Amino acid sequence: MQINFYKYQGTGNDFVILDNRNGEYSSLSKKQVEAICQRRFGVGADGLMMLNAHADYDFEMKYYNADGGESTMCGNGGRCLVKFAYDRGIIKTVYRFLAVDGPHEASVDLDGSVSLKMVDVSGMQQQSGSFVLNTGSPHFVQFSSNVMAEDVAKRGREIRNSPPFVAEGINVNFVEQTEDSYRIKVRTYERGVEDETYSCGTGVTAAALVCYHNDNGFNRVEIDTLGGRLSVDYDKVGDSFQNIWLTGPAVQVFQGSIQL
């Protein structure tokens, strides 16, 4: 089977994208998806996405982790898939697409970056100074005084496989607050990849919500990751977070084909 693919990245979070509007790739197995995502023997990516047709939306997003398993929402993936749709000639002022966590809106900005509206978030839990919340995917957020000195792969793997989280898995974020209340640094260990990634869209969103600086009202947080800068804008309304927008670059790296 020949797979025609496109490779995109959003702040170093990289994805293989398949145009599946005619359904030709719907039969791909978990093993085949994993093989495509392998960095030494395949194309190499943090995950694989399919752009599917949908009668009620501009398209449907189907996302798979690098281990081949279908997964929860990926923020950077969603932004890259919107840019892919734009590059394929699906031109909209506002994109409306369906993902595993429900409907999303997005737009391609004048500078080529993509803004993606995330799901509303409530129910943030504190656990011994750290935080657990779901931004479309489950996240653990822990503060660090020097995030660049953290052994993210080791510590993230330990937390992800600890008794409260081992069954379902969780993404683990280490966050350093800077002198500016609106700027943070984030490094993320992702389940499904089972390693640190250069960036994680739902992860930086989780970190930004934890680091709100306006108790009630508009917040904007800029986030530095290993792969570049993202921003998250949102409204804090009581104990909930609404109108959450994740913004950053989404770039095609190359396209090609692979024989499975």
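**Note on cavities, pockets and local backbone features**

1. In this predicted model, the residues that line the largest cavity fall into four nonpolar, nine polar and two charged. That lining is made up of 15 residues, and those nearest the centre of the cavity are N65, M73, S137, N171 and E190. The space inside the largest cavity comes to about 110 Å³.

2. As for the elements behind this lining, strand 4, which covers 59-65, and helix 4, which covers 201-210, each contribute at least two residues to the largest cavity. Of the residues nearest its centre, N65 and E190 may be picked out for inspection, and a reader who follows the chain will find that 183-190 is the span of strand 12.

3. The search of the whole structure returns two cavities of 30 Å³ or more, and the second largest of them holds about 50 Å³ of space. Its lining consists of M61, K62, Y63, E70, S71, T72, M73, A99 and V100, a set that divides into five nonpolar, two polar and two charged residues. Strand 4 gives the most to this second lining, with three residues; strand 4 also supplies at least two residues of the lining of the largest cavity. M73 likewise appears in both places, being among the residues nearest the centre of the largest cavity and one of those that line the second largest.

4. Turning to the open spaces, the largest pocket has a volume of about 210 Å³. The residues around it are E34, C37, Q38, R39, A45, D46, A66, D67, G192, V193 and D195, and by class this lining contains four nonpolar, two polar and five charged residues.

5. The second largest pocket encloses about 170 Å³ of space, with a lining formed by M124, Q125, Q126, F131, V210, Y212, K236, D239 and F241. These residues divide into five nonpolar, two polar and two charged. One of them, V210, carries the number at which helix 4 (201-210) ends.

6. On the surface, M148, Y198 and L226 together make a nonpolar patch of about 320 Å². Y198 sits in the loop that runs between strand 13 (195-197) and helix 4. Is Y198 buried or exposed? Its relative accessible area is 51%, and Y198 therefore counts as exposed, since the cut-off for that class is over 50%.

7. Two residues deserve a check of their backbone angles. T11, although it is not a glycine, has a positive phi of about 50°, and its place is in the loop between strand 1 (2-10) and strand 2 (13-19). T11 counts as buried because its relative accessibility is 3%, where buried means under 20%.

8. The other residue is E194, whose phi is near 60°, again a positive value in a residue other than glycine. E194 belongs to the loop between strand 12 (183-190) and strand 13, and two residues of the largest pocket, G192 and V193, may be viewed together with it. With a relative accessible area of 27%, E194 is partly exposed, because that value lies between the limits of 20% and 50%. T11, by contrast, is buried at 3% relative accessibility.

How values were computed: Residues numbered from 1 in each chain as written. Predicted model: local features only at pLDDT ≥ 70, side-chain atom pairs only at ≥ 80, totals over all residues. Heavy atoms only, no water. 1 Å grid on protein atoms, 1.4 Å probe; cavity = no way out; pocket = protein on both sides within 12 Å on 5 of 7 lines; lining within 4 Å. Points joined across faces, edges and corners; volume = space filled by probe spheres on them. Helix = DSSP H or I, 4+ residues; strand = E, 2+ residues; numbered from the N terminus. Nonpolar A, V, L, I, M, F, W, Y, C, P; charged D, E, K, R; others polar. Patch = residues over 30% accessible without salt bridge, like charges linked within 9 Å, V, L, I, M, F, W, Y side chains within 5 Å. Areas by Shrake-Rupley, 256 points an atom, 1.4 Å probe, with all protein chains shown as cover. Salt bridge = Lys/Arg side-chain N within 4 Å of Asp/Glu carboxyl O. Buried < 20%, exposed > 50% of the residue type's maximum accessible area, 1.4 Å probe, protein only.
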